[in-house]
Amino acid sequence: MLIAADKFKGSLTAVQVAERVTAGLRRVAPRVEVESLPVADGGDGTVDAAVAAGFERREVRVAGPLGDEVTAAYALRGDTAVVEMAEASGLQRLPKGVFAPLVSSTYGSGELLRAALDAGARTIVFGVGGSATTDGGAGMLSALGARFLDAHGEPVAPGGAALRDVETADLSGLDDRLSAVDLVLASDVDNPLTGPKGAPAVYGPQKGAGPDDVATLDTALAHFATVLEKAIGPKAAGYASAPGAGAAGGIGYGALVLGARFRPGIEVMLEVLGFAAALERATLVITGEGSLDEQTLHGKAPAGVAAAARAEGKEVVAVCGRLALPPEALGRAGIRRAYPLTEVEPDIAKCISDAGPILERVAENIGRDFLV
């Protein structure tokens, strides 16, 4: 049996989900063979999933989204690095209750990429999601050697709003090592940089941006892309409209400017984590995440796991905190049945606060249905 689940955000890490499911299964079938492969789709938890799969955790001091120094981690195995932008520039790096959509910067994410280069990485999986930022990746590019100057030849301030003041983009100082690296932009969203489906409009409100802030950021990012077009040519406009450009506040755009290849996050992570080999050994796959809903069907980890398992003829069930998909939608995704925590504990507050013990009881039900 293979447990390949994502985190229950705010309650359990992916590693803890696997541990709790294993404990519940073994209460019903003590001798069951269980293999755990915690997964992630490129968002927060991606480095933890890589470390659980055997990568080495490396820590480095970098700038947080507001410029204060934080300790962030990336994962390394051989010459492959997994870098998670949320480690440096995620919402969790802001003080509790504080949002700063106009001024948060991705500079620390660029420092993380540089640390991976310093460690000898030749392939970098750059997982993006959960960002506090909407700066189009300008901070990240600055950390890697780019310069963005105002009309007076001075560096513009950090954050997305200040991009409206950019007059000149100078990318000649970008780290030379980037040209020899396979940089993979791993994301579960395919939004463009700006417009009705762009980063500010779709994701800005989650970062505390009101309607005026969204308009300011959208205008600033569009201006930023125009200035970059003068610096690197028409391809800058193509990057702005490309799938994934709007990921994580537009850091996807910055990554594309660096030459990154955009791929669905879960697809990349399953390759990196060695899912195919684990799947061969499995008779049943248990996947899941905190909420199984419409978003799950659009590139989230459980959908990716189920698709890969179904392609190999393996049966899949899912665990979750909350289930908001009908059986037919689950079936189309390749999931035979979902087991929500609310099935054994109707109180949602308890499901969040006591997710671990409740998940073990859910896993016992899976064991009775499939192992006894």
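# Briefing: two open sheets, two pockets and a few local details

Ala 248 is buried, with a relative accessible area of 11%. The cut-off for buried is under 20%, so Ala 248 falls in that class at 11%. The place of this residue is in helix H9. The model is predicted. One open sheet has six strands with mixed pairing, and another has five strands with parallel pairing. The largest pocket holds about 990 Å³ of space.

**Ala 248 and helix H9**

- Ala 248 has a positive phi of about 50°, although it is not a glycine.
- Most residues other than glycine have a negative phi.
- Helix H9 covers 247-257 and supplies at least two residues of the lining of the largest pocket.

**The six-strand sheet**

- The strand order is S3-S4-S5-S6-S9-S10, and the sheet is open.
- Strand S3 (56-63) and S10 stand at the edges, each with a single partner strand, so one side of each has no neighbour in the sheet.
- From one strand to the next, the twist averages 30°.
- Strands of a sheet pair through backbone hydrogen bonds, either parallel or antiparallel.
- Helix H4 (residues 107-118) lies across S3, strand S4 (69-77), S5, S6 and S9. Helix H4 runs at about 135° to S3.
- Helix H10 (residues 265-273) lies across S4, S5, S6, S9 and S10. Its direction makes about 85° with S10.

**Strand S6 within that sheet**

- Strand S6 spans residues 123-127, and four of its five residues are buried. S6 is therefore largely enclosed by the rest of the structure.
- S6 pairs with strand S5 (residues 80-84) in the parallel sense, over five bridges.
- Phe 126 in S6 is the bridge partner of Val 83.
- S6 also runs parallel to strand S9 (residues 182-187), and five bridges join the two.
- Phe 126 stands opposite Leu 185 in S9.
- In a regular strand the side chains alternate between the two faces of the sheet.

**The five-strand sheet**

- This open sheet has the order S2-S1-S11-S12-S13. Its pairing is parallel.
- The edge strands are strand S2 (35-36) and strand S13 (337-340), and each pairs on one side only.
- Strand S12 (residues 315-323) pairs with S13 in the parallel sense, over four bridges.
- Arg 337 in S13 is the bridge partner of Val 317.
- Helix H12 (residues 301-311) packs on the sheet and touches S11 and S12. The direction of H12 makes about 160° with that of S11.

**The largest pocket**

- Its lining has 31 residues. Asp 41, Asp 188, Val 189, Gln 295 and Lys 300 lie nearest the centre.
- Helix H9, strand S10 (261-264) and strand S11 (284-292) each supply at least two lining residues.
- S11 gives the most to this lining, with three residues.
- By class, the lining divides into eight nonpolar, twelve polar and eleven charged residues.

**The second largest pocket**

- About 280 Å³ of space lies in this pocket.
- The second largest pocket is lined by 21 residues. Tyr 107, Gly 139, Ser 142, Val 156 and Pro 158 lie nearest its centre.
- Helix H5 (138-143) and strand S7 (147-149) are the elements that give two or more residues to this lining.
- The lining of the second largest pocket has 13 nonpolar, six polar and two charged residues.

**Glu 154 in a loop**

- Glu 154 lies in the loop between S7 and strand S8 (168-170).
- Glu 154 is partly exposed, with a relative accessible area of 47%.
- The C-alpha atoms of Glu 154 and Val 166 are separated by 9.4 Å. The two residues are twelve residues apart along the chain.
- Leaving aside neighbours within four places in sequence, Glu 154 is in contact with Phe 148 and Leu 149.

Key. Residues are numbered from 1 along each chain as its sequence is written. This is a predicted model: local features need pLDDT of at least 70, side-chain atom pairs count only at pLDDT 80 or more; totals for chains, interfaces and linings use all residues. Side-chain values use heavy atoms; hydrogens and water are left out. Buried means under 20% relative accessible area, exposed over 50%, partly exposed in between (1.4 Å probe, protein chains only). Two strands pair if DSSP finds at least two bridges between them. On a 1 Å grid over the protein atoms alone, a cavity is a set of points where a 1.4 Å probe fits but cannot get out, and a pocket is an open set with protein on both sides within 12 Å along at least five of seven lines; lining residues have an atom within 4 Å of a point. Grid points are joined across faces, edges and corners, and a volume is the space filled by probe spheres set on the points. Ala, Val, Leu, Ile, Met, Phe, Trp, Tyr, Cys and Pro count as nonpolar, Asp, Glu, Lys and Arg as charged, and the others, Gly among them, as polar. Axes are lines fitted to C-alpha atoms, for helices over the stretch in contact, and angles run from 0 to 180 degrees between N-to-C directions. Contact means heavy atoms within 4.5 Å.
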